[in-house]
Amino acid sequence: MSGSVVEILLVEDDPADVELTLLALRRNNLANRIQVVGDGEEALDFLFCRGPFSQRSFEEAPRLVLLDLKLPKVDGMEVLRQLKGDARTRAIPVAILTSSKEERDVVNGYHLGVNSYIQKPVDFDQFRETVKHLGLYWMLVNEPPPPSAFGGGPS
Amino acid sequence: MHNGERVKVLLIEDNPGDARLIAETLRETPGGVFELACVEDLETGCERLARGGVDVVLLDLNLPHSRGYDTFVQAYARARDVPIIVLTGLGDQELAVRTVRDGAQDYLVKGQADAHLLGRGIRYAIERSRIQRDLRRLNEELEQRVAERTAQLTAANRELEAFTYSVSHDLRAPLRQVDGFARLLIEECAAQLDTTARHYLERVRHGTGRMGELVDDLLALAHVGRQELRLRPTALDRLVTDAVAELELQWRGRSIEWRIGRLPTVPCDPGLMRLVFVNLLSNALKFTRPRDRAVITVDQTTARGLPAVLVQDNGVGFDMKYADKLFGVFQRLHRAEDFEGTGIGLATVQRIVHKHGGEVWAEARLDEGATFFVTLGASPPQGHAHTS
């Protein structure tokens, strides 16, 4: 990984979905630095600056985490639970981007503190629109948390 | 009790004179098959009963440590399956009748029972008790069987719905990918594609679009099946207004006359009932499309002797000989190129209405519009209502 700060962390295990999501984001010039991780464990390593990501610092938090729910090893809900349960990562905006809108998943997501819940549309045009709106909002409209928001130890 | 077998009678009686009289009477009964054991108080009687082998109890109600009705209650509680004949004095018949109502097989007035009457009373009591026991056992078996079947059915239903859900859910990702890459081909490789290739790709996209609708409708249907009813008094007017607003994309720019009458407030699940109106009105809008001016009526009425809501249109209608197919999943009465649709909407409507204990049916004529009737609560709703 280069020294530049990652803007979006995309947590997605399906390579085809990764490609389509990246295409949609890049087409709108919404994020130049996107880190893709393929499972929940790698996502946690990245977010908690561990293992291959031990050179990262908590203050260089991504502007947005796009989180799929069905993931190998550690599922998306568990990633969300750990991220929102730790003062060093709690302020990072997380959008669940998944195929499911089962009520149980939506409720659990919000109870764990997710900032947004989006069901991926089947129609690619709609999907692209959705990703565009999502990127515009979190990259341009939303005021991101300042570095001081990522202070403190685990709580 | 079988023919020829000795009948073991337990007499619980503290008055030696009465006991002797009963013993003598029993000896005089024709056939002489009775074997009498006699105890003087209830406690000893119950101990004797607990050892088993007693075919019938003759019970005096006034004993050393227990009196009246209470004597019967205690004896009955300790020996549910042994028939009890209450022995009573002349003035106590009212009490005796009460014990019979509450489980005693019979009562006999002391001094009035001759050998014939006593013998017959005992035999009848034993037979009646045996029949009651059999009935009770059959009933319990039946209830258990019903409970088992219900559990199996519930489990099968849950499994089926979980299956529908996960299949539908997992189908969405590959569909999005097929649609996405087909779209990208059309956009980004336009120069290398001739008209035929582009046509094929459009076909691919059309197919994924249809499949996407099917999956979403199946998901909605599965969701209705799994959802518990949350009954609340609901103004149906509001639901219809909401549904009309939700369907705006379908009617904007068209000439439509809405005739929406006053609708009642009824206990129902508002979320699910809204879905009923969305589906019925969406159908009405779809099948009136060939009309210059669509007329869509929603009103209350009486149908099949019950208060009902009707949704009527002046659309293309259908032939009543296909009416039974209307509410089946994937059943369609029109060709896809005339009217699009997945054939799941009315199945969803029917499932919701049935969940409410109601009925839905349609009357129509080809090219002369259709009328859908919905009744609610003809029978008690399935599932449990949330009263909070």
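Which strands of chain B does helix α1 lie across? In this predicted model, helix α1 of chain B, residues 16-28, lies across β1, β2 and β3 of chain B. Strand β3(B) covers residues 56-60. The helix runs at about 175° to β2(B).

The strands under this helix belong to an open sheet of five strands in chain B. Their order is β2-β1-β3-β4-β5, and the pairing is parallel. Strands β2 (34-39) and β5 (106-109) of chain B stand at the edges. Each has a single partner strand, so one side of each is left without a neighbour in the sheet. From one strand to the next, the twist averages 25°.

Two strand pairs of chain B illustrate the pairing. Strand β1(B), residues 7-12, is joined to β2(B) by six bridges, and the two run parallel. Within this pair, K8(B) has E35(B) of β2(B) as its bridge partner. At the other edge, β4(B) and β5(B) pair over four bridges, also in the parallel sense. Here I85(B) stands opposite D106(B) in β5(B). The chain passes from β4(B) through α4(B) to β5(B). This β-α-β crossover is right-handed. Helix α4(B), residues 93-101, lies across β4 (84-88) and β5 of chain B. Its direction is about 170° to that of β4(B).

Chain B also holds a helix pair, α7 (residues 236-246) and α9 (residues 270-287). Two packed helices are described by the angle between their axes and the distance between the axes. For α7(B) and α9(B), the axes come within 9 Å and cross at roughly 55°. The two helices are therefore oblique to each other. Their crossing is right-handed. On the α7(B) side, the contact involves L239(B), V240(B), D242(B), A243(B), V244(B) and E246(B). These meet P270(B), M273(B), R274(B), F277(B), V278(B) and L281(B) in α9(B). By class, this contact has nine nonpolar, no polar and three charged residues.

Chain A likewise contains an open sheet of five strands. The order is β2-β1-β3-β4-β5, with parallel pairing. Its edge strands are β2 (34-37) and β5 (116-119) of chain A, each paired on one side only. The twist averages 20° from one strand to the next. Strand β1(A), residues 8-11, pairs with β2(A) in the parallel sense over four bridges. In this pair, L9(A) stands opposite Q35(A) in β2(A). Helix α2(A), residues 40-47, packs on the sheet and touches β1 and β2 of chain A. The direction of α2(A) makes about 140° with that of β2(A).

A helix pair was also examined in chain A. The axes of α1(A) and α5(A) come within 9 Å and cross at roughly 55°. That makes α1(A) oblique to α5(A). The crossing is right-handed. L20(A), T21(A), A24(A) and L25(A) of α1(A) meet F127(A), R128(A), V131(A), K132(A) and G135(A) of α5(A). This contact has five nonpolar, two polar and two charged residues.

The interface between the chains comes last. In it, 12 residues of chain A are in contact with 12 residues of chain B. Helices α1 (15-27) and α5 (124-141) of chain A each supply at least two residues of the side of chain A that touches chain B. By class, that side has five nonpolar, two polar and five charged residues.

How values were computed
Residues are numbered from 1 along each chain as its sequence is written. Chains are lettered from A and ligands numbered from 1 in the order in which they are written. This is a predicted model: local features need pLDDT of at least 70, side-chain atom pairs count only at pLDDT 80 or more; totals for chains, interfaces and linings use all residues. Two residues are in contact if their C-beta atoms, placed from the backbone, lie within 7 Å. Ala, Val, Leu, Ile, Met, Phe, Trp, Tyr, Cys and Pro count as nonpolar, Asp, Glu, Lys and Arg as charged, and the others, Gly among them, as polar. Two strands pair if DSSP finds at least two bridges between them. Axes are lines fitted to C-alpha atoms, for helices over the stretch in contact, and angles run from 0 to 180 degrees between N-to-C directions. Angles under 35 degrees count as roughly parallel, over 145 as roughly antiparallel, 65 to 115 as roughly perpendicular and the rest as oblique. A crossing is left-handed if the near helix is turned anticlockwise from the far one by less than a right angle, and right-handed if clockwise. A crossover is right-handed if, with the strands pointing away from the viewer, the path from the first strand over the helix to the second runs clockwise.
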